[in-house]
Amino acid sequence: MNYQKLLDNIQRHLDVWGYNALFRETGIPLQNKHPQVFLYFDYEREFGAPINIEIDISIILDILKKNNIKATWFTVGKIFERYPSSIEQLINTKQSIGSHSYEHNPLLLYKNYNMIDQDLKKWKECSKHYNLGPLSYHSPQNRLSYNLIKALCSNGFQHIVISSVFLRKEGSSFITFRFHRKQNKLYQIPMIGDDWLVYTKKLSPNDQIKKFEDIIAQSNKTYAIGFHPWILLSDKTYLNYFSDLINMLKKHNIDLITFDDLTTNDYS
Ligand SMILES: [Zn+2]
């Protein structure tokens with residue numbers, strides 16, 4: 001993932017319109033007086049996962065059920081078409097479903113507005129029979145562009161999860177932003193990490209969990225932490241990491257919520 005490119009892209013728009021023209025700092029209401037965390041999955045199967053492994057998400061769903069957790073599954077549109085029984089499985093276990101694009105083509109997100117708009121419309125079309133909650137989105141490879149924000153707003157998306165690398169004012173903690181375009185508002189939930197650093201062995205599972213623990217302890221805010229089913233299912237180490245992370249969150253009484261738990265009101 002090229003963070004510098006991502007940064008440059010956003011920075012360009014910030015230079016033109018200024019920080020406050022594109023973003024407004026806001027807050028997501030806390031359900032209780034504890035920090036709250038969205039656990040989410042980028043659900044891609046063969047449409048985005050770089051390695052070919054048997055995907056049986058019931059193993060993950062069992063862990064969630066055992067811990068009484070509902071997570072958000074950012075699901076690639078093509079999965080609705082090819083694996084409808086998997087979607088039923090998510091719905092039957094009361095998981096929340098968001099969009100991880102229709103095609104899972106990260107390059108599309110830097111192309112023109114119409115291509116992004118068409119991709120979002122296709123995702124909405126293939127998911128429309130399922131009566132999903134408020135529309136939420138996480139882009140392939142965590143990409144962001146001004147055209148993507150514009151297209152998400154005009155297609156009625158209300159929440160986006162993005163890495164906070166570039167949405168973090170110097171010296172401050174992670175911030176929730178509201179993108180605004182005319183009457184459409186899109187709330188950004190800061191993603192503080194996923195399973196990638198553990199998978200690529202840049203951090204040990206324990207160090208990654210400690211890092212999350214430190215960030216969350218800083219303030220009563222809302223954060224997102226992500227996973228990939230294909231990573232968790234590729235080796236027992238990662239499934240253990242997932243369970244240990246859940247235990248840490250529970251130990252601190254952190255509320256685990258989904259986008260279905262949020263109201264559609266203006267939060268600020
Ligand atoms: Zn992905």
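What follows is a short chat about reading helix packing, a strand and one residue in a predicted model.

Q: Let's start with helices. At what angle do helix 6 and helix 7 pack?

A: Look at the two axes and how they are turned against each other. Helix 6 (residues 113-127) and helix 7 (residues 146-154) pack at an angle of about 40°, and their axes are 9 Å apart. That angle makes helix 6 oblique to helix 7. The crossing of the two is right-handed.

Q: Which residues of helix 6 and helix 7 meet?

A: From helix 6 you get Tyr-113, Ile-116, Asp-117 and Leu-120, and they meet Asn-147, Leu-148, Lys-150, Ala-151 and Leu-152 of helix 7. Sorted by character, the residues of this contact come out as 6 nonpolar, 1 polar and 2 charged.

Q: Can we zoom in on one of those? Is Ile-116 buried or exposed?

A: Counting neighbours is the trick here. Ile-116, which sits in helix 6, has 23 C-beta neighbours inside 10 Å, so Ile-116 counts as buried; the cut-off for that is 20 or more.

Q: And what is Ile-116 in contact with, leaving aside its neighbours within four places in sequence?

A: Ile-116 is in contact with Leu-108, Leu-109, Asn-147, Leu-148 and Ala-151. As for distance, Asn-105 is 11 residues from Ile-116 in sequence, with 10.0 Å between their C-alpha atoms.

Q: Let's try another helix pair. How do helix 9 and helix 11 cross?

A: Read this pair like the other one. Helix 9 (residues 205-218) and helix 11 (residues 236-251) have axes that come within 10 Å and cross at roughly 25°. Angles under 35 degrees count as roughly parallel, and therefore helix 9 and helix 11 are roughly parallel to each other. Their crossing is right-handed. On the helix 9 side the contact uses Pro-205, Ile-209, Phe-212 and Glu-213, while helix 11 brings Thr-237, Tyr-241, Asp-244, Leu-245 and Met-248. Those residues divide into 6 nonpolar, 1 polar and 2 charged.

Q: Now a strand. Why is strand 6 described as largely enclosed?

A: In a regular strand, side chains alternate between the two faces of the sheet. For strand 6 (residues 159-163), 5 of the 5 residues are buried, so the strand is largely enclosed by the rest of the structure. One side has His-159, Val-161 and Ser-163, the other has Ile-160 and Ile-162, and both faces are covered.

Q: In what sense does strand 5 pair with strand 6?

A: Strand pairs are read by direction and by bridges. Strand 5 (residues 136-137) pairs with strand 6 in the parallel sense, over 2 bridges. To find one, go to Ser-136: its bridge partner in strand 6 is His-159.

How values were computed:
Residues are numbered from 1 along each chain as its sequence is written. This is a predicted model: local features need pLDDT of at least 70, side-chain atom pairs count only at pLDDT 80 or more; totals for chains, interfaces and linings use all residues. Axes are lines fitted to C-alpha atoms, for helices over the stretch in contact, and angles run from 0 to 180 degrees between N-to-C directions. Helices (H or I, at least four residues) and strands (E, at least two) are DSSP runs, numbered from the N terminus. Angles under 35 degrees count as roughly parallel, over 145 as roughly antiparallel, 65 to 115 as roughly perpendicular and the rest as oblique. A crossing is left-handed if the near helix is turned anticlockwise from the far one by less than a right angle, and right-handed if clockwise. Two residues are in contact if their C-beta atoms, placed from the backbone, lie within 7 Å. Ala, Val, Leu, Ile, Met, Phe, Trp, Tyr, Cys and Pro count as nonpolar, Asp, Glu, Lys and Arg as charged, and the others, Gly among them, as polar. A residue is buried if 20 or more other C-beta atoms lie within 10 Å of its own, exposed if 12 or fewer, and partly exposed in between; C-beta atoms are placed from the backbone. Two strands pair if DSSP finds at least two bridges between them.
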